[in-house]
Amino acid sequence: MIRDNGCGMDEERFRLGFLRIASRFKEIDRRSDFYRRRVTGSKGIGRLAAHKLAMLMEVDSVRGNPGQTAKEAIKASIDWEKIESRTTLNELVDEITLESVKRTRPAPSGTTISLSKLRRPWDERERARFIAECRSFQPPSILTEALPSKLFGDQLLFGRPQLRDASSEDPGCSVDLEGDFSEGDNYWEVLLTHARWVVEIDCKSDKRTVKYAISPTLSTKKENPAATRREFSHPHPDPESGPFFQARILIRSRLIVDKLVRGWAHQTSGIRVYLEGFRVLPYGDRGDDWLSLDANTARRSWDKNPITESMVAGESGTAGDWQLFVLPNNSYTGAVFLTQDDAPTLRMLVNREGFVAEKGYDVLVDIVKRALDLATRTRAAARRENPSQKKGGDGPSARLSPTGADTPLSPATLPPRSEAIETAKSSLMEGLREARDALTKRNDLETTKIADRLVVTQKAAAEVIRAAESSEDSAAMSRVLSSLGTQMASFVHEINGMLGSATAVYQSLGRLREDRSLPTSVRSKLTPIYKDAGDLRRQIERQAAYMVEITSTDARRRRSRQPLGDRFDAATRLVAPAIDRRGIRLRNEIPKGLKSPPMFPAELTVVFSNLLTNAVKAAAEDGEILARGSSDGGRQTVVIENSGAAVDLGESERWFRPFESTTAEVDSALGQGMGLGLTITRDILEQYGATVRFVPPSVGFATAVEVQFHDVKDNQ
């Protein structure tokens, strides 16, 4: 039995709306009578699902406004057993009945549908599946109500998201299961307490801008004071057509001890999509990977990739293991809230199993994935800033696994200790031993000696910690970069092959275009194709030239003094397409005679390419970038300035930390925005005693980064 307390039906609505497939009632007015809710169905065949469940359906409906009573009602029945016994519909007599009745007493408005003569009984598994589907029919209250201040503190982008396009008095609706369908304990509130972070997306308040907010829970903040709220904004990919929506996503990254709650979490996890407050399948189902979260997690190649062998203990915070912050679907519980008015480009498939894979859907995926990328970077930065926190995620006891956030792992094998660690360790052990020996003598002179040795011991311990952190960071990053390097040689080979093919195609099209034996109409059609082929050849040529600059044997075989202006030009080749696309003016005014200390050419190219990509992102459309240099005795200085977004010099040092970045942009040509570019740049330069920092820009520019090489002698 299914019962609702809505507006009900009279005889006309039942006959023309309920009984008629693809009824035109929805086309006349696609809103409900009272609360003016959007009607989500469009095919008019959903009610036929009852035919698959039972032989007899009986309907009892009272027409009126919700919350009021009325005497006018209808009674109807559909006997599918009798209908199926007929050869044609023309033979039907009394298989479908409908009558208007007047009740002796007023009854609440609404409709009751009873199904009997079930075609087959349901087993426990089918009942459990039905309960699970009903549970996800609408979004849970933990995602639709204001976040509890005792768990999350202040609200983020919105208090309650807009679920549907309806009147402000609309109380919404809920589904209650009774009898054999009773769902038992509800763990939504318990699950809320296991959240470590929350993400919100809002592109409804300003339809030209997508706003993102990522915030730790108060418990996460208590365990890791470095975990702070971050907000980002990014231009909407399609500000004219949308979709425009709000979303809230909870992130878990630790083991749930209680088995019942853990089972509930697995059943209800995933980022689901709701249209007008009702679930759109299959997004968020187990096995559905519409955001490629499971695919990205699987790419770690845990069982074969040596890079991850020393990282599987958890979110250790080193620069190289940021991938451990990439979580699978079952680490998220979230909802994307769409309305029909604000999602006109999303078209439902005929079977209602998701949206048509076209531009509107691609925009939706792009916006949500960007939010998760920003959350990954924010969580990694927070963990990085709290190295004293125990390994294993966002909290002291959390551990991550390649299959999900709730699977514990065995301890990882630590990387080999460096010589610096061994030296500091020896000093520490010797100090402790002497302090212990002195303590056993117990006299004033020895007590003083104990104090002196303990001071030395404390300093040695600090050195151990610093050396260990530096060694682990460098080792992890080196393994990642070396792995990338092994792939680069084959990649460069493929790029050069593509360049040869593109050049051949370009030249062939040129010859055809000049062939007078071809009709003029054909040759004119070849002109735009010839131009596109030329653009493609030039783009590949630029990329190939850059790759050769950083991967050739000469670029990494020996150090030599490098002309800074030439190295800057080499780095420019990488970002040239983005510069042209955005209409940015780039000036290289680095003096010809300005040279670096002996360095690998590839290192300097990487330094300038990292600084340039940041400048391009910040300069925005029609911006300007200037590279200038100067020499002062043994000090060589290069400054790269850009117009556009400014950087607060008071907090500029934070942008040199791993995973810290001001940008919400993801650009394959400029990097994925993980906030590692400036970290790598500083690491490279510090090896040569050079410095890099943000400095006050000159007039007409917003941001300036200074690279300074010290003690560069002319006779080097």
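This note goes through the nonpolar cores, one buried helix face and some unusual backbone geometry in a predicted model.

1. The largest nonpolar core holds 39 residues, and those that touch the most other members are Ile-201, Phe-245, Ile-271, Trp-290, Val-336, Leu-338 and Val-368. Two or more residues each come from strand 6 (197–202), strand 7 (209–216), strand 9 (246–251), strand 10 (270–275), strand 12 (332–338) and helix 12 (359–384). Of these contributors, helix 12 gives the most, with 11 residues. As background for a reader new to such cores, nonpolar side chains in soluble globular proteins tend to be buried together.

2. Leu-338 is a useful residue to look at in detail, and, when residues up to four places away in sequence are not counted, the residues it touches include Leu-163, Pro-243, Phe-245, Val-273, Leu-275, Ala-343, Leu-346, Phe-355 and Leu-364. The contacts of Leu-338 also include Tyr-274 and Glu-276.

3. A second core, separate from the one above, has 36 residues, among them Ala-571, Phe-608, Trp-655 and Ile-684. Ile-684 is also one of the buried residues of helix 19 (residues 677–686), together with Leu-678, Thr-679, Thr-681, Arg-682 and Leu-685. The buried residues of this helix pack against strand 15 (595–599), helix 18 (601–619), strand 18 (691–695) and strand 19 (703–709). When reading such a list of positions, it helps to recall that an α-helix has 3.6 residues a turn, so residues three or four places apart point the same way.

4. The backbone deserves a careful look as well, since most peptide bonds are trans, and most residues other than glycine have a negative phi. Gly-242 and Pro-243 are joined by a cis peptide bond, with omega about 15°, and Pro-243 lies in the loop between strand 8 (230–235) and strand 9. Another cis peptide bond links Leu-281 to Pro-282, with omega about 5°, and here the proline is in the loop between strand 11 (278–280) and helix 11 (293–298).

5. Where do the non-glycine residues Lys-117 and Asp-622, each with a positive phi, sit in the chain? Lys-117, with a phi of about 55°, is placed in strand 5 (residues 110–118), and because its relative accessibility is 45%, it counts as partly exposed. Asp-622 also has a positive phi of about 55°, but its place is in the loop between helix 18 and strand 16 (624–632). With a relative accessible area of 56%, Asp-622 is exposed, because the cut-off for that class is over 50%.

Key. Residues are numbered from 1 along each chain as its sequence is written. This is a predicted model: local features need pLDDT of at least 70, side-chain atom pairs count only at pLDDT 80 or more; totals for chains, interfaces and linings use all residues. Side-chain values use heavy atoms; hydrogens and water are left out. A nonpolar core is a set of buried Ala, Val, Leu, Ile, Met, Phe, Trp, Tyr and Cys residues joined through side-chain atoms within 4.5 Å. Buried means under 20% relative accessible area, exposed over 50%, partly exposed in between (1.4 Å probe, protein chains only). Helices (H or I, at least four residues) and strands (E, at least two) are DSSP runs, numbered from the N terminus. Contact means heavy atoms within 4.5 Å.
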